[in-house]
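Student: I am new to this structure and should like to examine one part of it closely. Would you kindly take me through the paired strands in the earlier stretch of the chain, and show what surrounds them?

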Amino acid sequence: MTLFPKLPFIIIAVAFANLTACNTRERALAGVWRTDSIRNFVNGFSFTNNTFDEHWSTFEYGADGVMIERKKEKFKKYRYQLPSADSLVYTDSTGHRLSGFQIVKLSDEQLILKKAQKPYLPGKNQELYEVRFFTKIHAGK
């Protein structure tokens with residue numbers, strides 16, 4: 001028996017699995033996340049800032065694809081998308097891409113995002129990135 005008669009069913013099954021995975025990731029992302037620490041890596045050197053203060057933001061991801069970044073009494077709204085299971089993209093209201101992150105970990109309690117940074121100096125073989133660690137804030141805590 002050849003694979004070709006089964007090909008449409010395989011394509012549908014894979015597409016459904018991808019949609020289900022994205023919906024599961026969106027449900028896991030929904031809620032309020034507190035920044036725990038930010039780690040910067042620059043060409044072999046790293047620095048972790050884990051000193052929480054009032055200038056750090058919380059991020060509220062809604063099921064409607066809107067993320068609200070809150071800092072003190074101020075807030076900003078962005079649209080967010082999960083184009084794949086391991087990527088998170090922020091856009092403005094017109095759909096213009098503002099920022100993108102690799103999702104390193106997303107669980108009920110922890111979110112870890114990684115973002116590549118542009119090199120400071122010209123030349124090859126530079127590695128710069130930032131890793132942000134978040135904890136989910138559950139209602140009543």
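Tutor: Arg 39 stands opposite Thr 48, a residue of strand 2. The two strands concerned, strand 1 (residues 31-42) and strand 2, run antiparallel and are joined by 5 bridges. Strand 2 covers residues 45-49. Together, strand 1 and strand 2 form a hairpin with 2 residues between them. In the turn of this hairpin, Asn 43 has a positive phi of about 50°. Please bear in mind that the model is predicted.

Strand 1 has a further partner in strand 3, with which it pairs in the antiparallel sense over 4 bridges. Here Val 32 stands opposite Glu 60 of strand 3. Strand 3 (58-61) is reached from strand 2 through a loop, and Ser 57 lies in that loop. Ser 57 counts as buried because its relative accessibility is 6%, a value under the 20% cut-off. The side chain of Ser 57 makes a polar contact of 2.9 Å with the side chain of Glu 69. Apart from neighbours within four places in sequence, Ser 57 is in contact with Trp 33, Thr 35, Glu 69, Arg 70 and Lys 71.

Strand 3 deserves the closest attention. Its covered face holds Phe 59 and Tyr 61, and its uncovered face holds Thr 58 and Glu 60. Besides strand 1, strand 3 pairs with strand 4 (residues 66-71), again in the antiparallel sense and over 4 bridges. Tyr 61 has Met 67 as its bridge partner in strand 4. These two strands, strand 3 and strand 4, form a hairpin with 4 residues between them. Gly 65, in the turn, has a positive phi of about 85°.

Each residue on the covered face of strand 3 can now be followed to an aromatic partner. The count of aromatic pairs comes to 6. In one of them, the ring centres of Phe 59 and Phe 134 are 5.5 Å apart with planes at 90°, so this pair is edge-to-face. The pair links distant parts of the chain, since Phe 59 belongs to strand 3 and Phe 134 to strand 9, 75 residues apart. Phe 59 and Phe 134 are both buried. A second pair consists of Tyr 61 and Tyr 80, whose ring centres are 5.1 Å apart and whose planes stand at 85°, so it too is edge-to-face. This pair also links distant parts of the chain: Tyr 61 is in strand 3 and Tyr 80 in strand 5, 19 residues apart. Both of these tyrosines, Tyr 61 and Tyr 80, are buried. They belong to one aromatic cluster together with Tyr 78, Tyr 90 and Phe 101.

Tyr 61 leads onward to the largest nonpolar core, which has 17 residues. Leu 29, Tyr 61, Leu 88, Tyr 90 and Leu 111 are the members that touch the most other members. At least two residues of this core come from each of helix 1 (7-29), strand 3, strand 5 (74-84), strand 6 (87-91), strand 7 (97-106) and strand 8 (110-116). In soluble globular proteins, nonpolar side chains tend to be buried together. The surroundings of Leu 88 illustrate this core in detail: leaving out residues up to four places away in sequence, Leu 88 touches Leu 29, Tyr 61, Tyr 80, Gln 81, Leu 82, Ser 99, Gly 100, Phe 101, Ile 103 and Leu 113.

Strand 1, where this account began, also has a link to strand 9. Glu 130 is found in strand 9 (residues 128-137), and among its contacts outside four places in sequence are Ile 38, Arg 39 and Asn 40. Others in that list include Leu 113, Lys 114 and Lys 115. Glu 130 counts as buried because its relative accessibility is 13%. Its side chain and that of Arg 132 are joined by a polar contact of 2.5 Å.

Finally, the part may be placed within the whole. The protein chain holds 1 helix and 9 strands, with the helix preceding the strands from the N terminus on. Of its 141 residues, 27% are buried. Among contacts between residues at least 6 apart in sequence, 38% join residues at least 24 apart.

Definitions and conventions:
Residues are numbered from 1 along each chain as its sequence is written. This is a predicted model: local features need pLDDT of at least 70, side-chain atom pairs count only at pLDDT 80 or more; totals for chains, interfaces and linings use all residues. Side-chain values use heavy atoms; hydrogens and water are left out. Buried means under 20% relative accessible area, exposed over 50%, partly exposed in between (1.4 Å probe, protein chains only). A polar contact is a pair of N or O atoms within 3.5 Å; within protein, one must be able to donate a hydrogen and the other to accept it, and residues adjacent in sequence count only if both atoms are side-chain atoms. Contact means heavy atoms within 4.5 Å. Two strands pair if DSSP finds at least two bridges between them. A nonpolar core is a set of buried Ala, Val, Leu, Ile, Met, Phe, Trp, Tyr and Cys residues joined through side-chain atoms within 4.5 Å. Rings of Phe, Tyr and Trp (its six-membered ring) pair if their centres lie within 6.5 Å; planes under 30 degrees apart count as stacked, over 60 as edge-to-face and the rest as tilted.
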